[in-house]
Amino acid sequence: MVKTLIVEDQRITRDYIRGMLEETGRYEIVDCLSDASLAAPKCDKDEIDLVVMDVYTSGSKDGIDATEEIKAKHPNIKVVIVTSMVEVGYLDRAKKAGANSFWYKNISKENLLGVIDATMSGKSIFPEKTPPVMIGEASSEDFTKTEIKILRLIIEGLEYDEIADRLNCSLNTVKTHVTHILAKTGHGNRTKLVIDIMNKNFIIAKN
Amino acid sequence: MPSRGPYILALIIIATFSILVVLLHVFVIEKKRIGKHSIRESINHLPVALAVFDRNGLVKLSSNAMNEYFREYTKVDLQNHEQLIAAIETLEPQTLKSISDVRVYLLPNGVYFMYQENKITINEIDKYTECIFFDVTELHKQEMELQEQSSEIMKRRESLQELSDNLLELGKEREILTAKTNIHNQMGSALISARQALTSDDEKLIDEALANLDKIVTSLGSGEVKPDMDIEIDDLMHDASSLGVSISIDGTIPDERDVKSFILLAIRTALTNAVQHGHATSLDVKVYSLDDRYVINITNNGETPTEDIVPRGGLKNLIRQGDRRGYKVSISSKPRLELQLIIKK
């Protein structure tokens with residue numbers, strides 16, 4: 001039996017995942033937690049083989065940071081990250097954190113049980129890319145890496161000169177990029193652009 | 001005999017010319033010498049107000065700017081050092097962050113000046129006190145503008161963070177709605193199948209339909225939700241118990257959404273730290289509802305830290321969120337670790 005820890009703050013989702021796994025007879029649900037900050041201490045305390053980890057939970061640590069913490073001390077524990085947020089940086093962060101697989105709620109073609117079973121058999125299932133969303137008139141896939149970096153810093157509240165410092169480029173370069181982004185999306189100003197991006201969870205400001 | 005008149009005239013002209021040259025030379029030399037007048041002229045051109053007092057405190061030298069400032073403020077002429085100090089002491093000290101270690105004052109006419117006093121000794125005998133006023137009005141103005149801009153930037157950042165937090169919550173609500181809709185649809189399909197199976201009298205179909213319904217009902221969980229249960233607090237208690245920690249709450253956590261979510265965040269933060277660093281097995285939460293504020297004290301039975309707590313990670317985030325809402329968060333480690341929240345009503 002695969003000793004499983006579910007980390008998910010929404011009861012309805014938690015109970016669904018629990019029911020789905022228990023029904024197979026292959027997974028033993030050791031416990032459920034609603035706070036990713038407590039996942040690593042739980043793995044220290046109890047024998048866990050698999051963690052099904054939501055990204056955004058109660059508490060201040062997100063599931064990807066918690067995954068990194070778990071993997072640092074327990075590299076053999078499999079971690080499957082599940083999320084409904086199409087944050088552009090999550091896939092890369094999850095891979096760097098050592099997550100074994102990644103599944104988008106309501107979006108991924110594969111079903112969650114299939115992804116979990118494949119993970120336990122040694123496979124690593126990651127979507128090819130972050131699902132695209134429309135930002136104004138543009139697809140999120142139309143943004144360059146630099147544009148995404150700048151958008152993230154804008155959402156974190158930095159001014160253009162601070163962004164220029166952070167990215168080691170000129171103020172004019174930053175302004176040019178923002179002008180391009182506004183032109184692509186058709187948004188009239190930075191405020192509308194930021195609200196649209198945050199509303200779609202394309203970029204989420206990290207605490 | 002030839003006339004001696006032209007020669008005498010020539011001699012007179014030469015002598016006069018020579019005297020003029022000598023006088024001019026003397027005049028130039030005199031001009032180059034530094035006299036009192038030239039010193040006074042020089043200090044009046046300095047971009048500061050300056051006064052120098054002798055060992056008895058009497059004014060030895062005073063620039064026009066100093067005289068004007070002093071007369072405008074006190075209505076009398078500057079005579080001695082004591083007068084100057086007495087006048088300065090009637091002024092409210094100001095703060096300029098960029099020059100925080102010097103004295104800055106504001107005159108009624110709106111001029112900000114930085115005051116500096118130096119003791120000067122000449123030839124180890126003559127002692128003087130030099131008092132200088134630097135006009136820092138422009139610097140003050142720029143600092144105020146910068147402060148205003150910084151404040152605006154901070155407000156924008158806080159608004160963005162608040163928007164981000166709210167949108168994340170919204171995202172979660174959408175997720176729940178999607179999950180409920182899916183279950184509703186599955187339930188609907190299963191009920192239709194069950195009805196059809198029951199009207200068909202086909203036992204195999206009926207068994208399949210019932211098994212399907214059973215599966216969906218099981219996926220809804222144990223259903224142990226009592227009407228008066230607070231799910232968030234229940235989840236918190238369960239999480240703590242999973243890690244071998246019992247939480248006791250003395251008092252009532254307020255219902256206001258923002259206040260409640262912040263208090264629960266604080267308890268979670270304290271729980272995480274108590275487990276990771278203090279190896280605690282119990283957490284005590286005391287909630288006091290006073291006239292104008294809530295006071296929440298959170299302690300645990302874990303190891304007391306040996307060093308001062310430097311907020312990082314969860315604690316830092318908690319303090320930041322508290323600052324944004326105008327709540328006070330304080331952490332003390334002696335005599336025992338305590339997290340305190342003060343939330344104005």
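**A guided tour of chain B and its cores**

Begin by selecting chain B, whose average pLDDT is 84, with 92% of its residues scoring at least 70. The model is a predicted one, and for the complex the predictor reports an ipTM of 0.87 and a pTM of 0.73.

**The whole of chain B**

Display chain B as a cartoon; nine helices and 11 strands make up its secondary structure. Its radius of gyration is 43 Å, well over the 20 Å that the globule rule gives for 345 residues, so chain B is more spread out than a compact globule. Rotate the view to follow the box that its C-alpha atoms fill, roughly 175 × 55 × 35 Å along the principal axes. Colour the chain by burial next: 17% of its 345 residues count as buried. Among contacts in chain B with a separation of 6 or more, 51% join residues 24 or more positions apart.

**The nonpolar cores**

In soluble globular proteins, nonpolar side chains tend to be buried together. Which residues touch the most other members of the largest nonpolar core? Select Ala39(A), Val51(A), Val52(A), Met53(A), Ile81(A), Ala266(B) and Leu283(B), which do so within a core of 89 residues. Then highlight helix α8 of chain B, residues 257-276, which supplies nine residues, the largest share of this core.

Centre the view on Leu283(B). Leaving aside residues up to four places away in sequence, Leu283(B) touches Ala240(B), Val245(B), Ile247(B), Ala270(B), Leu271(B), Ala274(B), Ile298(B) and Asn300(B). Another core, of 12 residues, lies apart from the largest one; Ala51(B), Phe53(B), Cys131(B) and Phe133(B) are among its members.

**Two loop residues with positive phi**

Most residues other than glycine have a negative phi. The last two stops have positive values.

Select Lys75(B), in the loop between α3 (64-74) and α4 (81-89) of chain B. Its phi is near 70 degrees, a positive value in a residue other than glycine. Is Lys75(B) buried or exposed? Lys75(B) is exposed, because only 12 or fewer other C-beta atoms within 10 Å are allowed for that class, and Lys75(B) has 7.

Finally, select Glu124(B), which is placed in the loop between β5 (112-122) and β6 (126-135) of chain B. The phi of Glu124(B) is near 60 degrees, again positive in a residue other than glycine. Glu124(B) has 6 C-beta neighbours inside 10 Å and therefore counts as exposed.

Terms used
Residues are numbered from 1 along each chain as its sequence is written. Chains are lettered from A and ligands numbered from 1 in the order in which they are written. This is a predicted model: local features need pLDDT of at least 70, side-chain atom pairs count only at pLDDT 80 or more; totals for chains, interfaces and linings use all residues. Helices (H or I, at least four residues) and strands (E, at least two) are DSSP runs, numbered from the N terminus. A residue is buried if 20 or more other C-beta atoms lie within 10 Å of its own, exposed if 12 or fewer, and partly exposed in between; C-beta atoms are placed from the backbone. pLDDT is the predictor's confidence in each residue, from 0 to 100. A nonpolar core is a set of buried Ala, Val, Leu, Ile, Met, Phe, Trp, Tyr and Cys residues joined through C-beta atoms within 7 Å. Two residues are in contact if their C-beta atoms, placed from the backbone, lie within 7 Å. The radius of gyration is taken over C-alpha atoms; the globule rule is 2.2 Å times the number of residues to the power 0.38.
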